[in-house]
Amino acid sequence: MKTETTIQGLAASLQPARTARKIIGFVPTMGNLHQGHLNLVREARKLCDVVVVSIFVNPIQFGPNEDFDNYPRTLDQDSQLLADVGCDIIFAPSVEQMYGKQPRLTNISVSEITNDLCGKQRPGHFDGVAVVVTKLFNIVQPNYAFFGQKDFQQLAVIRQLVRDLNIPLEVIGVPIARAEDGLALSSRNGYLSEDQRKVAPSIFKSLKHAEAELQQGTDLKEVLENIKTTLTTAGLVVDYVEARTPQLHMIDQFNQDIVLFVAAKLGTTRLIDNLQIKHTAA
Ligand code: AMP
């Protein structure tokens with residue numbers, strides 16, 4: 001496994017694979033890797049000849065009061081984990097390598113589907129994601145790119161971006177990896193105190209409970225309210241609890257497949273999760 005920190009170095013490392021028309025798979029990450037990230041790499045390994053993983057904490061997708069400075073940076077540990085799952089090349093550029101010294105004048109804004117859910121509380125976040133992912137796609141030029149369903153809205157934004165701009169690659173979505181108690185794995189779980197960590201699984205539990213309620217015929221609005229109440233009682237501060245179609249359209253009844261979305265804060269840590277629920281005709 002090689003680690004490249006410059007765009008030129010990465011290009012040189014990938015040249016033999018490009019010449020031999022090998023299938024290149026790409027997994028963008030911000031590092032501090034866990035099994036969720038590693039599952040993306042395992043999927044890439046199955047489909048691709050060469051697997052590139054980027055580790056880059058992207059400043060422009062963090063708001064001014066968010067955790068950019070404190071975001072965990074653990075490159076040595078990440079490298080070991082990536083070697084174990086068969087990553088071929090790590091791309092770990094500096095901020096200067098990615099953004100240069102000249103001001104950036106180009107923005108990429110995916111409209112509509114970024115206006116609510118996480119887009120509301122995090123203005124500019126998805127623009128920052130769209131810019132860095134487009135840059136990384138252009139740098140790596142992969143055949144396949146792998147993203148987690150944990151960030152369901154992000155995955156939808158990237159699918160839209162790729163379609164709208166004819167970016168020549170296929171996006172693959174990978175299911176959410178969870179801890180044994182159901183908590184969706186996240187680099188931000190490391191911020192939780194021992195007590196908060198015990199409360200955090202209530203998010204997934206409330207989503208599973210909601211699924212059962214919906215399947216028993218409880219009204220969608222009531223189900224969403226129940227999630228809010230459960231989480232608030234457990235000590236979380238709810239940002240949103242929403243139901244959407246898998247294409248992120250608004251929906252007020254459970255009469256087709258839906259996705260339930262939760263974002264909530266435990267102390268200063270913002271956690272997100274979602275659950276896809278199939279509608280089976282009675
Ligand atoms: P991040 O490092 O948080 O930017 O995440 C990099 C990629 O890993 C994104 O595509 C995430 O959706 C994905 N990811 C993060 N956590 C999980 C998880 N628990 N299960 C599946 N994918 C995940």
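1. Let's start with tyrosine 99 in this predicted model. Tyrosine 99 has a relative accessible area of 15%, so it is buried, since anything under 20% goes in that group. Buried or exposed: which word fits phenylalanine 56? Phenylalanine 56 is buried too, because its relative accessibility is 5%.

2. Seven aromatic pairs turn up in this model. Phenylalanine 56 and tyrosine 99 make one of them, with 6.2 Å from centre to centre and 40° between the planes, which puts the pair in the tilted group. Have a look at where the two partners come from: phenylalanine 56 belongs to the loop between E3 and H3, and tyrosine 99 to helix H4 (residues 95-99). They are 43 residues apart, and the pair links distant parts of the chain.

3. Tyrosine 144 and phenylalanine 146 also form a tilted aromatic pair, this time with 6.5 Å between the centres and 40° between the planes. Phenylalanine 146 has a relative accessibility of 1%, so it counts as buried.

4. Two more things to look at among the rings. Phe26, Phe137 and Phe147 come together as one aromatic cluster. Over at phenylalanine 68, the partner is a charge: the charged end of arginine 73 sits over the ring, 4.8 Å from its centre.

5. Back to the loop that holds phenylalanine 56. Glutamine 61 is in the loop between strand E3 (50-55) and helix H3 (75-84) as well, and an unreviewed UniProt entry annotates Gln61 as "binding site". Glutamine 61 counts as buried because its relative accessibility is 10%. Its side chain has a polar contact of 2.9 Å with the side chain of asparagine 58. If you skip the neighbours within four places in sequence, glutamine 61 is in contact with Met30, Glu66, Arg122, His125, Gly128, Val129 and Val132.

6. Next door in the strand, try serine 54, which lies in E3. How much relative accessible area does serine 54 have? The value is 0%, so serine 54 is buried. Not counting residues up to four places away in sequence, serine 54 touches Phe26, Val27, Pro28, Thr29, Phe91 and Leu136. Phe26 is worth a second glance, as it belongs to the aromatic cluster from point 4. For a sense of scale, the C-alpha atoms of serine 54 and glutamine 153 are separated by 20 Å, and the two residues are 99 residues apart along the chain.

7. Now the ligand. How many residues surround the ligand? There are 17, and the closest are His37, Gly148, Asp151, Ala177 and Leu185. Three of these names come back when you check the polar atoms. Histidine 37 has a polar side-chain atom 2.9 Å from an oxygen atom of the ligand. Glycine 148 places a backbone N or O atom 2.9 Å from a ligand oxygen atom. Leucine 185 has a polar backbone atom 2.9 Å from a nitrogen atom of the ligand.

8. Histidine 37 deserves its own point. UniProt lists His37 under "active site", again in an unreviewed entry. In the model, histidine 37 lies in helix H2 (residues 35-47). With a relative accessible area of 15%, histidine 37 is buried. Leaving aside neighbours within four places in sequence, histidine 37 is in contact with Thr29, Gly31, Asn32 and Ser187. Thr29 also appears in the list of residues that serine 54 touches.

9. Which backbone angles should you check? Glutamine 141 is not a glycine, yet it has a positive phi of about 50°. You'll find glutamine 141 in the loop between helix H6 (125-140) and strand E5 (144-148). Leucine 248 also has a positive phi, of about 75°, although it is not a glycine. Leucine 248 lies in the loop between strand E7 (237-244) and strand E8 (258-266), and it is buried because its relative accessible area is 9%.

10. Last stop: aspartate 116. This residue is in the loop between H4 and helix H5 (118-121). Being in a loop doesn't settle the question of burial here: aspartate 116 counts as buried, at 16% relative accessibility. Aspartate 116 touches Gln153, Arg244 and Met250, not counting residues up to four places away in sequence. You met glutamine 153 in point 6, where its C-alpha atom was compared with that of serine 54.

Methods. Residues numbered from 1 in each chain as written. Predicted model: local features only at pLDDT ≥ 70, side-chain atom pairs only at ≥ 80, totals over all residues. Heavy atoms only, no water. UniProt positions renumbered as here; feature names shortened; annotations may be inferred. Helix = DSSP H or I, 4+ residues; strand = E, 2+ residues; numbered from the N terminus. Buried < 20%, exposed > 50% of the residue type's maximum accessible area, 1.4 Å probe, protein only. Contact = heavy atoms within 4.5 Å. Polar contact = N/O pair within 3.5 Å; in protein donor to acceptor, adjacent residues only side chain to side chain. Phe/Tyr/Trp six-rings, centres within 6.5 Å; stacked < 30°, edge-to-face > 60°. Lys NZ or Arg CZ within 6 Å of the ring centre and 35° of its normal. Near = heavy atom within 4 Å.
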